[in-house]
Amino acid sequence: MTVPDVPDLLHGVTGPSLALAQRMCAAAIQHASQLGVAVSVAVVDAGGHLVSFARMDKAEIAGPHLAVAKAATAVAHRCPSGELAADSAPGASLAGLDASGGGRYVVFAGGLPLWSPDGRVVAGVGVSGASADEDLACATAAARLWPAHPAQDGG
C-alpha cells in the first residue's frame with residue numbers, strides 16, 4: 001500500500017527525538033540546580049504524549065502530574081500555559097478550562113509549546129516544582145535546545 005502525497009499530512013519536524021527530549025530535561029534540571037530549586041520536567045509530542053520525563057531528588061509530589069499537564073496544555077492551546085490564566089478566570093472567555101480535560105490542563109506558568117519551522121506546534125515542555133517564574137525559567141532553558149524555533153519568554 002502506498003501513502004498518497006497529500007500536503008496536509010505531517011512533514012518535516014514531527015516532534016522531538018528521545019535523545020533531544022532527554023537533553024531538554026537535563027537542561028531544565030541544570031537550570032533548576034543553578035536556581036537552587038527541585039523540579040520535575042516533561043517533554044511531550046504533538047499529541048501531548050510523554051516523550052521524556054525527569055524528577056529531581058526532593059521535588060514536590062505534585063510535580064510529575066503538573067509538569068506533563070503544563071506541557072500538554074501548551075501543545076493543546078498553542079501558547080505558554082501561563083498565558084491562559086486570565087482567560088480562564090471566572091467570567092472570562094475560557095472560564096473553567098483548568099477544570100476540563102480531566103485535570104489535563106493547567107493555567108499557570110511553566111509550559112511552553114515548541115514550534116516547527118512551518119508554524120506547527122509539534123511538542124511541548126513543562127516544568128513544575130518551584131515558583132511560577134522559576135518553572136518558566138527552567139522550561140525556557142529546555143526550550144532553547146529546540147532547533148526549530150527560539151524559546152519563548154512568555155507565560
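What do the buried residues of H1 pack against? They pack against S1, S2, S3, S4 and H3. Keep that list in mind as you go round. The model in your viewer is a predicted one.

**Stop 1: helix H1**

Select residues 18-35, which make up helix H1. The helix has 18 residues and reaches 26 Å from its first C-alpha to its last, close to the 26 Å expected at 1.5 Å a residue. Now show the side chains of Leu20, Ala21, Met24, Cys25, Ala27, Ala28 and Ala32: these residues of H1 are buried. Turn the view until you look down the axis of H1; the buried residues fall within an arc of 155°, so they line one face of the helix. On the other side of H1, pick out Gln30 and Gln34, which are exposed. Step just past the end of H1 to find Gly36, where phi is positive, about 80°.

**Stop 2: the sheet**

Next, colour the strands. Four of them form an open sheet in the order S2-S1-S4-S3, with antiparallel pairing. Which strands are at the edges? Select 50-55 for strand S2 and 111-115 for strand S3: each of these pairs on one side only. On average, neighbouring strands in this sheet are turned by 15° against each other, direction ignored. If you wonder what holds such an arrangement together, strands of a sheet pair through backbone hydrogen bonds, either parallel or antiparallel.

**Stop 3: the S3 and S4 hairpin**

Stay with S3 and add residues 121-128, which are strand S4. The two strands run antiparallel and are joined by 5 bridges. Click on Pro113 and look across to its bridge partner in S4, Gly124. Do the same for Leu114, whose bridge partner in S4 is Ala123. S3 and S4 form a hairpin with 5 residues between them, and Gly119 in the turn has a positive phi of about 90°.

Is S3 enclosed or open to the outside? Of its 5 residues, 5 are buried, so S3 is largely enclosed by the rest of the structure. Show the side chains and compare the two faces: Gly111, Pro113 and Trp115 are on one side, Leu112 and Leu114 are on the other, and all are buried. There is a general idea behind this picture: in a regular strand the side chains alternate between the two faces of the sheet.

**Stop 4: Ser40 in strand S1**

Move to Ser40, which lies in strand S1. Its relative accessible area is 0%, so Ser40 is buried. Select what surrounds this residue: leaving aside neighbours within four places in sequence, the contacts of Ser40 include Phe53, Ala54, Arg55, Gly63, Ala67 and Val127.

**Stop 5: helix H2**

Now select residues 63-77, helix H2, which packs on the sheet. H2 touches strands S1, S2, S3 and S4, and its direction makes about 150° with that of S4. Put a distance label between the end C-alpha atoms of H2: they are 21 Å apart, which agrees with the 21 Å that its 15 residues should span at 1.5 Å a residue.

How many of the 15 residues of H2 are buried? The count is 11, so this helix is largely enclosed by the rest of the structure. Among the buried residues are Gly63, Leu66, Val68, Lys70, Thr73 and Val75. What covers the buried residues of H2 includes S1, S2, S3, S4 and H3. After H2 comes Arg78, with a positive phi near 55°.

**Stop 6: Ala71, inside H2**

Zoom in on Ala71, which lies in helix H2. Ala71 counts as buried, at 0% relative accessibility. Which residues does Ala71 touch, not counting those up to four places away in sequence? They are Ala42, Val44, Gly111, Gly124, Val125 and Gly126. Take Val44 from that list: Ala71 and Val44 are 27 residues apart along the chain, yet their C-alpha atoms are separated by 6.4 Å.

**Stop 7: helix H3 and two cysteines**

Select residues 132-143 for helix H3, which also packs on the sheet. H3 touches S3 and S4, and its direction makes about 140° with that of S4.

Finally, highlight two cysteines. Cys79 is buried, with a relative accessible area of 13%, and Cys138 is buried too, at 0%. How many disulfides does the structure hold? The number is 0.

Note on methods. Residues are numbered from 1 along each chain as its sequence is written. This is a predicted model: local features need pLDDT of at least 70, side-chain atom pairs count only at pLDDT 80 or more; totals for chains, interfaces and linings use all residues. Side-chain values use heavy atoms; hydrogens and water are left out. A disulfide is a pair of cysteine sulfur atoms within 2.5 Å. Buried means under 20% relative accessible area, exposed over 50%, partly exposed in between (1.4 Å probe, protein chains only). Two strands pair if DSSP finds at least two bridges between them. Helices (H or I, at least four residues) and strands (E, at least two) are DSSP runs, numbered from the N terminus. Axes are lines fitted to C-alpha atoms, for helices over the stretch in contact, and angles run from 0 to 180 degrees between N-to-C directions. Contact means heavy atoms within 4.5 Å. The expected span of a helix is 1.5 Å times one less than its number of residues. The arc is that of the directions from the helix axis to the C-beta atoms.
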